[in-house]
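Student: I have a new structure open and don't know where to start. Can we go through it together?
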Amino acid sequence: MKICAEEINRAEQRDMEISAAIQNAIFNYDNYNLYIPILDKYGFLQDFHYCVALITYISETDNDISEFVKNMCINIENSLTFYSVFAKAFSIGNNIVLLFANQTDSNIYEIAENIKQRYFVYNRNDIKVYMGIDRNTKSIRCIYKSYKIAHKVMELQKKKFKNNEIMSYRNMGFSKIFLAMDDTEIMKEYYSEVLEPLVQYDALNSTGFTDFLNIYFECGASVKETAERLYLHRNSVNYKISKIQDILGCDLSDVNVKTELLIALKLKEIL
């Protein structure tokens, strides 16, 4: 009995030290001594690839669900041990941070899908769950970067109201370029110059030209496909295109203009 108790204490101590080290790798990343020796001690080597995933639970009826999240984290942590000893989960408020070490992208996504199926609380309508995943980083010193990207992916997921889903950085197309940028002022300036006049026009006149433009690009800038998707006459589509050109003072037949507007629309999702 005494030996068993000592083993449990050692396991708990190990988990606490690893969790604290990972948090330091995220929030005190410049101080390598706070996390590299400890993680190395437990087999999380410096030259491993690391990936962070972030889960957040949001309740529409109960502001304080931290205990609920802690319990979910324990369950997720137990599941992770089934897949790999080099995976760890810990909770911060309503968030659960997952760290994967020395795993392939496909393995990470497989584990994430399993977590989604088991722990995205479909039986509670008052809770929404969001999960953002970064790609593998180069080394242990990049864990904080992976956390930042996972957080940005998750925030974008919330903006798109895509709860109970997984959003991966790798599957975001060229939007991931913007997520990797730390200088949001440059992005805001670009967005303001290119697209904001149309957004402001929509706000003042209760029109939906910005959403229409996004769908128009999703349809490959095809009048025919846009008309079919929106159940509009082609003349109505052409009228909207003409109106957008007048508001923005541009020519939508110009490929460079299309590119600039498409980038601005992607920035609108992120900012």
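Tutor: Start with two helices, keeping in mind that this is a predicted model. The axes of α8 and α11 come within 9 Å and cross at roughly 115°.

Student: Are those two roughly parallel or roughly perpendicular to each other?

Tutor: At that angle, α8 and α11 are therefore roughly perpendicular to each other. The crossing in which α8 passes α11 is right-handed.

Student: Which residues meet there?

Tutor: From α8, P197, L198 and Y201 take part, and they meet K243, I244, I247 and L248 in α11.

Student: Ok, stay on α11. How many residues does it have?

Tutor: Helix α11 has 15 residues, 234-248. From its first C-alpha to its last, α11 reaches 21 Å, close to the 21 Å expected at 1.5 Å a residue.

Student: And which of its residues are buried?

Tutor: V237, I241, I244 and L248 are buried in α11. Seen down the helix axis, the buried residues fall within an arc of 60°, so they line one face of α11.

Student: What's on the other side?

Tutor: N235, Y239 and D246, which are exposed.

Student: What do the buried ones pack against?

Tutor: Five helices are listed for them: α7 (184-194), α8 (196-205), α9 (209-218), α10 (223-230) and α12 (255-270). So α8, the helix we began with, is one of the partners of that buried face.

Student: What follows α11?

Tutor: G249, and its phi is positive, near 65°.

Student: Switching topic. At what angle do α3 and α4 pack?

Tutor: Helix α3 (residues 66-83) and helix α4 (residues 105-119) pack at about 140°, and their axes are 11 Å apart. They are therefore oblique to each other. α3 passes α4 in a right-handed crossing.

Student: Which residues make that contact?

Tutor: On the α3 side, M72, N75, I76, S79, L80 and Y83. On the α4 side, I111, N114, I115, R118 and Y119.

Student: Now the whole chain. How many helices and strands?

Tutor: The protein chain has 12 helices and 5 strands. Its C-alpha trace spans about 80 × 40 × 30 Å along the principal axes.

Student: How much of it is buried?

Tutor: Buried residues make up 41% of the 271 residues in the protein chain.

Student: Last one. What share of the contacts join residues at least 24 apart?

Tutor: Counting contacts between residues at least 6 apart in sequence, 67% join residues at least 24 apart.

Technical notes. Residues are numbered from 1 along each chain as its sequence is written. This is a predicted model: local features need pLDDT of at least 70, side-chain atom pairs count only at pLDDT 80 or more; totals for chains, interfaces and linings use all residues. Side-chain values use heavy atoms; hydrogens and water are left out. Helices (H or I, at least four residues) and strands (E, at least two) are DSSP runs, numbered from the N terminus. The expected span of a helix is 1.5 Å times one less than its number of residues. Buried means under 20% relative accessible area, exposed over 50%, partly exposed in between (1.4 Å probe, protein chains only). The arc is that of the directions from the helix axis to the C-beta atoms. Contact means heavy atoms within 4.5 Å. Axes are lines fitted to C-alpha atoms, for helices over the stretch in contact, and angles run from 0 to 180 degrees between N-to-C directions. Angles under 35 degrees count as roughly parallel, over 145 as roughly antiparallel, 65 to 115 as roughly perpendicular and the rest as oblique. A crossing is left-handed if the near helix is turned anticlockwise from the far one by less than a right angle, and right-handed if clockwise.
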